[in-house]
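Please read these notes with the model open beside you. Each numbered point takes up one place in the fold.

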Amino acid sequence: MSMLTRRRLLSRAALSATAGAAGAGPRTGALATAVAATAGSLAAGCGTGSDPDTDPTDRPRGERRFPTGFGWGAATSAYQIEGAAKEDGRGESVWDTFSHTPGRTRNGDTGDVAADHYHRYADDLDLMRDLGLRSYRFSISWPRIQADGTGTVNQRGLDFYRRLVDGLHERGISPMATLFHWDLPQALQDAGGWENRDTAYRFAEYAEAVFRGLGDQVPAWLTINEPKTVVQNGYLSGHHAPGFQDPQAAYLVAHHLQLAHGLAVRALRATGDAGRIGPALNLHPCYPADDSPEATRAAHLYDGYENRLYLDPVFKGSYPADVLADLGADSRLARGVADGDLEIISSPVDLLAVQYYTPYYVTGDGGTVMRWPTSQADWQQIYPDGMYDTLTRVTRDYGPIPLTVTENGLPQADTLSADGTVDDAGRISFLRDHLAAAHRAISDGVPLESYHVWSLLDNFEWAEGYDQRWGLVYVDYPTQRRVLKRSAHWYREVIRSNGL
């Protein structure tokens, strides 16, 4: 790996460090002109809005109808909402360790209690039903199923998810379960974590145990959530658990996460279960920042690291040649690929979960520039057309694989008013514009089946602790009271009308 490549990787990691979150084709310099003309109106669209009882934006007009049976949903993850970190046999995860290490999270916040969903899941299920959700995407805590990541299943942990899944069915909501959303058992991290090839095989064993325990009741499975975020934030910037800064290790980790995905797909097939399965990838469209040939080339390579490194192995059975060449023939990724690995990774999947948050604009030297207004998360540029470009790019480049959007949202400094309401009009504007982009993609032939807002509840936002609120539902952490935000009422109307 050249020093230039190392610097670029670390720069990319710094840019992505706070992102919770497929490249599109090149754009021309006309984009920069358009930005100046539209940035003000976009920012205004994310303002505070007027009274929630009178604002017409709260009443979808039904002008954009989604396909019959479209899966309107919301998403969460285990460590971010469950709490009960030491109850009922749950083991320690890397995020328990990381968040309890001084200086790693804002205000020293941890997920020990979070939104206390473990104890309040039944009320949260009723809340989902009242919102009209048709799909709920959640994650299963690996250390709650196997405290040390191996061996005997913790039945108490499995029973919690059985109760959750049964409760969803009772309320007419379809479960979509994610097997890994970053909470690796600490015992496996102590044995090398995702740098250790064996972890992929331990993940397959865990996945099989979950499939056998819940499979008949879960119609859709997601394997690995955002492997790119683990790579970039956990091993390049050190901003997420396990907190390393090692570019060589990072891309070996990328391979082992992909291998774990493929092994889990095969494990589900081996059980004979009829459930569908696929990965959950956060995809960022990468546009040239100007019209120069250098920016076009740099944006293509950037897209390789952001998107093709994770899409190509699953759908084409190969890693992108330009990324391998940039990393170098002696990289740990190149040396870590064993015979048969790519065949495993490219085991046929039934769906792809797409998570869209922000675009990147890449300069000729491989850096990036900001083009659009940002949310409270300063890494997130608000650009709804990036949703359209991402969805259509996936279909164009990888075929008509069924798609689901499993994360899309933004944080705001939401406050609970004296009258007991939360006016988050900016979130309504964001969701409306991104749903309109998704509708346009469907109209242009993208097989998008469902959409899940990130997130159902305010929660522990990783390194940002509890300072950022992403939910449709406000959580008053001292009391654990839930309050539907204005956006939740709006989304309920969208679901009811099946359109905007």
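1. Start with a side-chain pair. The side chains of D350 and R269 are joined by a polar contact of 3.0 Å. Keep in mind that this is a predicted model. D350 sits in the loop between helix 15 (341–345) and strand 7. Is D350 buried, exposed or partly exposed? Its relative accessibility is 23%, so D350 counts as partly exposed; the cut-off for buried is under 20%.

2. Stay with D350 and look at what surrounds it. Leaving aside residues up to four places away in sequence, D350 touches R269, G275, R276, I277, I401 and P402. Now compare sequence with space. D350 and V265 are 85 residues apart in sequence, yet their C-alpha atoms are 9.7 Å apart.

3. Next, the barrel. Eight strands make a closed barrel in the order 1-2-3-4-5-7-10-11, and the pairing is parallel. On average, neighbouring strands of this sheet are turned by 25° against each other, direction ignored. What holds strands of a sheet together in general? They pair through backbone hydrogen bonds, either parallel or antiparallel.

4. Take one pair from that barrel. Strand 7 (residues 352–355) and strand 10 (residues 403–407) run parallel and are joined by four bridges. Within this pair, V354 stands opposite V405 of strand 10. Helix 18 (residues 486–497) packs on the sheet and touches strand 1 (71–75) and strand 11. The direction of helix 18 makes about 155° with that of strand 1.

5. A second helix deserves a look. Helix 9 (residues 198–214) lies across strand 3, strand 4 and strand 5 (276–282). Helix 9 runs at about 160° to strand 3.

6. Strand 5 also holds N282. Its relative accessible area is 3%, so N282 is buried. Which side chain does N282 meet in a polar contact? The partner is T229, at 3.2 Å.

7. T229 leads to the largest cavity, as one of the residues that line it. The volume of this cavity is about 90 Å³. Its lining also includes V94, W95, F180, W182 and H240. Helix 4 (94–99) and helix 10 each supply at least two lining residues.

8. Two more lining residues are A241 and P242. Check the peptide bond between them: the bond from A241 to P242 is cis, with omega near 5°. P242 is found in the loop between helix 10 (227–236) and helix 11 (247–271). Another cis bond runs from W454 to S455, with omega near 10°. S455 lies in the loop between strand 11 (448–454) and strand 12 (473–476).

9. Look at the backbone of W182, which also lines the largest cavity. W182 has a positive phi of about 85°, although it is not a glycine. W182 lies in the loop between strand 3 (174–180) and helix 8 (186–190). Its relative accessibility is 5%, so W182 counts as buried.

10. E226 has a positive phi too, about 45°, and is not a glycine. E226 is found in the loop between strand 4 (220–225) and helix 10. Is E226 buried or exposed? With a relative accessible area of 0%, E226 is buried.

11. Now the hairpin. Strand 12 and strand 13 form a hairpin with four residues between them. In the turn, Q480 has a positive phi of about 65°. Strand 12 and strand 13 (residues 481–484) pair in the antiparallel sense over four bridges. V473 has L484 of strand 13 as its bridge partner. Strand 12 is covered on both faces. V473 and V475 are buried on one side, Y474 and D476 on the other.

12. Finish with the open sheet. Three strands form it in the order 6-8-9, and the pairing is mixed. Its edge strands are strand 6 (286–288) and strand 9 (368–369), each pairing on one side only. Helix 12 (residues 293–316) packs on this sheet and touches strand 6, strand 8 and strand 9. The direction of helix 12 makes about 170° with that of strand 6. Strand 8 (residues 360–362) and strand 9 run antiparallel, joined by two bridges. There, V362 has T368 of strand 9 as its bridge partner.

Conventions. Residues are numbered from 1 along each chain as its sequence is written. This is a predicted model: local features need pLDDT of at least 70, side-chain atom pairs count only at pLDDT 80 or more; totals for chains, interfaces and linings use all residues. Side-chain values use heavy atoms; hydrogens and water are left out. Buried means under 20% relative accessible area, exposed over 50%, partly exposed in between (1.4 Å probe, protein chains only). Two strands pair if DSSP finds at least two bridges between them. Axes are lines fitted to C-alpha atoms, for helices over the stretch in contact, and angles run from 0 to 180 degrees between N-to-C directions. Contact means heavy atoms within 4.5 Å. A polar contact is a pair of N or O atoms within 3.5 Å; within protein, one must be able to donate a hydrogen and the other to accept it, and residues adjacent in sequence count only if both atoms are side-chain atoms. On a 1 Å grid over the protein atoms alone, a cavity is a set of points where a 1.4 Å probe fits but cannot get out, and a pocket is an open set with protein on both sides within 12 Å along at least five of seven lines; lining residues have an atom within 4 Å of a point. Grid points are joined across faces, edges and corners, and a volume is the space filled by probe spheres set on the points.
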